[in-house]
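Visitor: I would like a close look at one part of this protein. Please start with the whole chain, then zoom in.

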Amino acid sequence: MARKPDSEADRLDEAARAGWLYYIAGNTQDEIARKLGVSRQTAQRLVSLAVSEKLIKVRLDHPIGHCLELSEQLKQAYAIDFCEVVPSDPESASTTLGVAEAAAAELERYLVSQHPVIVAMGTGRMLRAMVEQLTPMDCPQHKVVSLVGNIAPDGSATLFDVVSRIGDRAKAPHYPMPLPVIATTVHEKSLLLAQKPLRNVTELARQADVTFVGIGTIDDDAALLRDGFVKADEIRALIRAGAVGEIIGWAYDANGKLIDGLTNDRVLSVPLEQPATRRMIGVGMAIPRLKAIKGALRGKLINGLITNEKMAELLLE
């Protein structure tokens, strides 16, 4: 038998969860009833309550209690100053659902400021999904700068570059980094980074008021490998060296220590600050990224996190 909400707060929590499942996760009322353990009529009433209480806009506008508790626990456990945890849909196969929307909302909080801000961005599938959720706006006072190259190994623009998309949606000046992620040789790296326009982009990125980065794995399914930025033998060498994750191409181990040598000698991305002092938000939720996210938190490579309930619970185990 389903638990009956015993307070107004619990009732709104249930309504918020039902609203999220219906409007964001796209569940039917029958599916919501089954997932929440209530009747279809109750599920319908909860969705209606979410609307009447103005909990639902484009995104869920009600902090679910359990998510708030998890975010506070994560902040204490990893000594970070920002954390947002969104609800999980246990039956969804999506690796971006809810988290991409929450990350877009956080970015918009900076973009709506009349005071000029510099936003720095990593790259990847999660951040691409995040940018697709941005509300179009007019922000000529801001600057959006890339931390990582936007050139794929074949010379084409990478599919997961996000700076140009933000620039288009926010009508803000944007500064891409016209480089591959990893140079072929150390000598090539030094030649490329010596170019004045790239030095200017790097300096701008270091002044960022907020930075958003995806967190990648170092394994046989690593995005760096799938997208052709590194070879299989290079991934195997990183794994032997203890690497578990990467941020904008920089590989690190389970404690967040950057790997000495190997591909890190040839990464062209803006160097990571360790510990991060400016707001550096990691965005991720896919379970295979658990070790990578945990390592980034342990090593202070990020000081903010946007994730979902399931990942938050695993990070606290």
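Visitor: Among contacts in the chain between residues at least 6 apart in sequence, what percentage join residues at least 24 apart? After that, please take me to the loop between strand 8 and strand 9.

Guide: The answer is 73%. Those contacts join residues at least 24 apart, out of the contacts between residues at least 6 apart in sequence. Keep in mind that this is a predicted model.

Here is the wider setting. The chain has 13 helices and ten strands. Its radius of gyration is 21 Å, and the globule rule gives 20 Å for 317 residues. The two values are close, so the chain is as compact as a globular protein of that length. Along the principal axes, the C-alpha atoms fill a box of roughly 65 × 45 × 35 Å. Of the 317 residues, 53% are buried. The chain exposes about 14,800 Å², and carbon and sulfur atoms supply 52% of that area. Charges come next. There are 37 positive and 40 negative ones, and their mean positions are 2 Å apart.

Now to the loop. Strand 8 covers residues 250-253, and strand 9 covers 279-283. Three residues are worth a stop here.

Begin with Leu-262, which sits in this loop. Its phi is near 55°, a positive value, and Leu-262 is not a glycine. Why stop for that? Most residues other than glycine have a negative phi. How covered is Leu-262? Its relative accessibility is 38%, so Leu-262 counts as partly exposed.

Next comes Thr-263, in the loop between strand 8 and strand 9. The relative accessible area of Thr-263 is 4%. The cut-off for buried is under 20%, so Thr-263 is buried. What does Thr-263 touch? Leave aside the neighbours within four places in sequence. The contacts of Thr-263 are then Ile-182, Val-230, Glu-234 and Leu-238.

The third stop is Pro-275, in the loop between strand 8 and strand 9. Look at the peptide bond that leads into Pro-275 from Gln-274. That bond is cis, with omega near 5°. Most peptide bonds are trans.

Other places help to put the loop in context. Take positive phi again. Lys-171 has a phi of about 50°, and Lys-171 is not a glycine. Lys-171 lies in the loop between helix 7 (163-170) and strand 4 (174-180). Its relative accessible area is 51%, so Lys-171 is exposed. Leu-262, at 38%, is partly exposed. Lys-300 also takes a positive phi, of about 60°, just after helix 12.

Helix 12 is linked to the start of our loop, as strand 8 is among its packing partners. The helix covers residues 290-298. Its buried residues are Ala-292, Ile-293, Lys-294, Gly-295, Ala-296 and Leu-297. Besides strand 8, they pack against helix 4 (65-78), strand 6 (216-217), strand 7 (243-247), strand 10 (304-308) and helix 13 (309-315).

Now measure across the chain from Asn-264. Its C-alpha atom is 38 Å from that of Ala-25. Along the chain, Ala-25 and Asn-264 are 239 residues apart. Ala-25 lies in the loop between helix 1 (8-23) and helix 2 (29-36). The relative accessible area of Ala-25 is 21%, so this residue is partly exposed. Leaving aside neighbours within four places in sequence, Ala-25 is in contact with Trp-20, Asp-89 and Leu-97.

Here is another pair to set beside that one. Gln-133 and Ala-102 are 31 residues apart in sequence, and their C-alpha atoms are 9.1 Å apart in space. Gln-133 sits in the loop between helix 6 (125-132) and strand 3 (143-151). At 33% relative accessibility, Gln-133 is partly exposed.

One last stop: aromatic rings. The chain has one aromatic pair. The ring centres of Tyr-22 and Tyr-23 are 4.9 Å apart, and the planes meet at 80°, so the pair is edge-to-face. Tyr-22 is partly exposed at 32% relative accessibility. Tyr-23 is partly exposed at 42%.

Back to the loop for a recap. Leu-262 has a positive phi. Thr-263 is buried. The bond from Gln-274 to Pro-275 is cis.

Notes
Residues are numbered from 1 along each chain as its sequence is written. This is a predicted model: local features need pLDDT of at least 70, side-chain atom pairs count only at pLDDT 80 or more; totals for chains, interfaces and linings use all residues. Side-chain values use heavy atoms; hydrogens and water are left out. Helices (H or I, at least four residues) and strands (E, at least two) are DSSP runs, numbered from the N terminus. The radius of gyration is taken over C-alpha atoms; the globule rule is 2.2 Å times the number of residues to the power 0.38. Buried means under 20% relative accessible area, exposed over 50%, partly exposed in between (1.4 Å probe, protein chains only). Contact means heavy atoms within 4.5 Å. Accessible areas come from the Shrake-Rupley method with a 1.4 Å probe; for residues, only the protein chains shown count as cover. Lys and Arg count as positive and Asp and Glu as negative; His and the chain ends are not counted. The place of a charge is taken as NZ of Lys, CZ of Arg, CG of Asp or CD of Glu. Rings of Phe, Tyr and Trp (its six-membered ring) pair if their centres lie within 6.5 Å; planes under 30 degrees apart count as stacked, over 60 as edge-to-face and the rest as tilted.
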